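I opened this one to see how the strands pair up and where the chains touch. Here are my notes, in the order I looked things up.

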Amino acid sequence: MIVIESLTKRYESMTAVDDVSMVVERNSITVVVGTSGSGKSTLLRMINRLIEPTSGRVLIDGRDTESEAGHVLRRRIGYVIQGHGLFPHRTVAENIGTVPRLLGWEESRIRTRTAQLLGALQLDPGQYSEKYPHQLSGGQQQRVGVARALAAEPAVLLMDEPFGALDPIIREKAQDDLLDIQRKFGTTIVLVTHDIDEAFRLGDRVAVMSAGRLIQYDRPEVLVTRPADALVARMTGSAERAMRLLSLTTAGEAALPFSACEAAADGVVVPTSASLREVLSELLWRGSECATVLDADGTPCGRLTVASIMARGRPS
Amino acid sequence: MRRAATILRLAALGLLLAFLLVPQRFAPLFAPLTAGGAPAIYDQGNLWTLALSHLATVLAACVGSIVIAVALGILVTRPGGQEFLPLSRAVVNFGQTFPPVAVLALAVPLVGFGEKPTLIALFLYGLLPIFENTVVGLGTCPATVLEAASGMGMNARQKLVSVELPLAMPLILEGVRISLVINIGTATLGSTVAAKGLGEVIIAGLLSSNMAFVLQGGLATGLMAVLLYDGVAALERRLCRTARID
């Protein structure tokens, strides 16, 4: 758990971060979203003390981050930046082993961990360990950047626009991978982005920043249904807020008993992981009223009707 | 193409070694340049030992230049050292623009004749290329890579040793290469203040109007410079292959 208390960063002529307090729960993804100059990156960098705050403090699992040297603190916190920042003169394996080596791990442990992470990120260790960063594609470089940040099993992972340099299709894949990784390792992630869609896709909680201040910090659906001010409303897109709300719920969560509707033999079927937005779109496209939800094994586990989906598109 | 280059290199090295070890064999080549029965091959000293001490002087001065120039380059690229950049630059520029002959003339009264004044002149003369390349190399490390290094928890020294210097190494070596080559030639001047070196052959030739001496001293020095240039360039290429910056 990360507790941020009245964190402020003042430069001579401006206040980059202005009295921000928030609590980031364990094992969750918190996305900080804002325009450029909103102070979101500064806030993130004050968590690992790449930037020293003017006032306020940060507690990670109850421990004040000021209680140890900055570089020692940073070895316990994963950090991923836009454009990956891999060391060009080191192989993939050496890049990933950076923090474990700083911490003095044994070589055999580093090798095991490196292989495990490469596997988790769908990079074959045998094929990629000895490659240099310039021999990888943009998406692969980004994944190695994530692997390097996770190498020393940090409890906290900070990500600053980690997918900013990727093209849209690879970005979506990278976002899914991140959700998988988060589930697998249970890491507490704080991610900074200017992309509200990314924030909604990834965030268990979303913090909106503007001009150095924290405007609203809540679950994504609350941002849509009860925006704190006009800026948040504009950001979350008031014209399509119903759709955004639907995109936050999965078919599995909303599934009704089989008795809810009659499904045709060749009717619409959707996986439990599909969002209601996707299900509605599919129903509209097929001109159908009833969809069957399939679980991971492909067994039907429930139904969804247009009416039940529409009911979820309204603030409750 | 690469094989041809290797053969050429080995041929040049073989030629240089043969000339320095058994110079008398080359006498017929140089004889047409002599007049009045003067010797065709330098006979007042052993060419091999002269070449070795020439090389030793240059290398010793170069080691000094590397240590000081790289240290200065590191200093002025640290957060607290930037204010020293103009001063350091002025000092190394002075070392480069002040004529080595004048340095020799000034140094002799202080340290006497022999190797010492030559070492001082070469050391000063070789600083600039290494310093400038170190500053550029360290100053152009990609910002994202440096941020990542800090974010990983490297302290300032670890960042310098394991990220910045390796990334700057190809450029630093290029500076060393330029400095070495300039000084192989410049070191011939040392013979005017009694330093052992191939300059002795050239000066002897000038004093006795023996063009054969001048030419053989010049050729041996030139070949040595080309081979050194080539050797350091090969080292640079090896480093660049791994330390590729994308």
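**Notebook: strands, a crossover and a contact**

I began at the hairpin of β9(A) and β10(A), which has two residues between the strands; Ala211(A) in that turn shows a positive phi of about 50 degrees. My element names follow DSSP runs, numbered from the N terminus: helices are H or I with at least four residues, strands are E with at least two. Strands count as paired if DSSP finds at least two bridges between them.

Before going on, I noted the ground rules. This is a predicted model, where local features need pLDDT of at least 70, side-chain atom pairs count only at pLDDT 80 or more, and totals for chains, interfaces and linings use all residues. Residues are numbered from 1 along each chain as its sequence is written, while chains are lettered from A and ligands numbered from 1 in the order in which they are written.

I checked confidence next (pLDDT, the predictor's own confidence in each residue, from 0 to 100). Chain A has a mean of 91, and 100% of its residues reach 70 or more. Within chain A, helix α12 (241–247) is lowest with a mean of 86, and strand β8 (188–193) is highest at 96.

**Around β9**

I looked up both partners of β9(A). Strand β10 (213–218) of chain A pairs with β9(A) in the antiparallel sense over five bridges, and Met209(A) has Leu214(A) as its bridge partner there. Strand β3 (29–34) of chain A runs parallel to β9(A), also joined by five bridges; Thr30(A) is matched with Arg205(A).

Why is strand β9 of chain A largely enclosed by the rest of the structure? Five of the six residues in 205–210 are buried, so the strand is largely enclosed. Buried means that 20 or more other C-beta atoms, placed from the backbone, lie within 10 Å of the residue's own; 12 or fewer is exposed, and in between is partly exposed.

**The β11-β12-β13 sheet**

I then traced an open sheet of three strands in chain A, ordered β11-β12-β13, with mixed pairing. Its edge strands are β11 (268–271) and β13 (300–305), each pairing on one side only.

β11(A) and β12(A) are parallel, with four bridges, and Val269(A) has Thr292(A) as its bridge partner. Between them the chain passes through α14(A), a right-handed β-α-β crossover (with the strands pointing away from the viewer, the path from the first strand over the helix to the second runs clockwise).

On the other side, β12 (290–294) of chain A is antiparallel to β13(A), with five bridges. I found Cys290(A) opposite Thr305(A) and Ala291(A) opposite Leu304(A). Their hairpin has five residues between the strands, and Gly298(A) takes a positive phi near 85 degrees.

I also split β12(A) by face: Ala291(A) and Val293(A) are on the covered one, Cys290(A), Thr292(A) and Leu294(A) on the uncovered one.

**Where A meets B**

Last, I looked up the contact: 19 residues come from chain A and 18 residues from chain B. Contact here means C-beta atoms, placed from the backbone, within 7 Å. On the chain A side, the elements giving two or more residues are α2 (70–74), β6 (77–81) and α4 (98–102).

Technical notes: Two residues are in contact if their C-beta atoms, placed from the backbone, lie within 7 Å.
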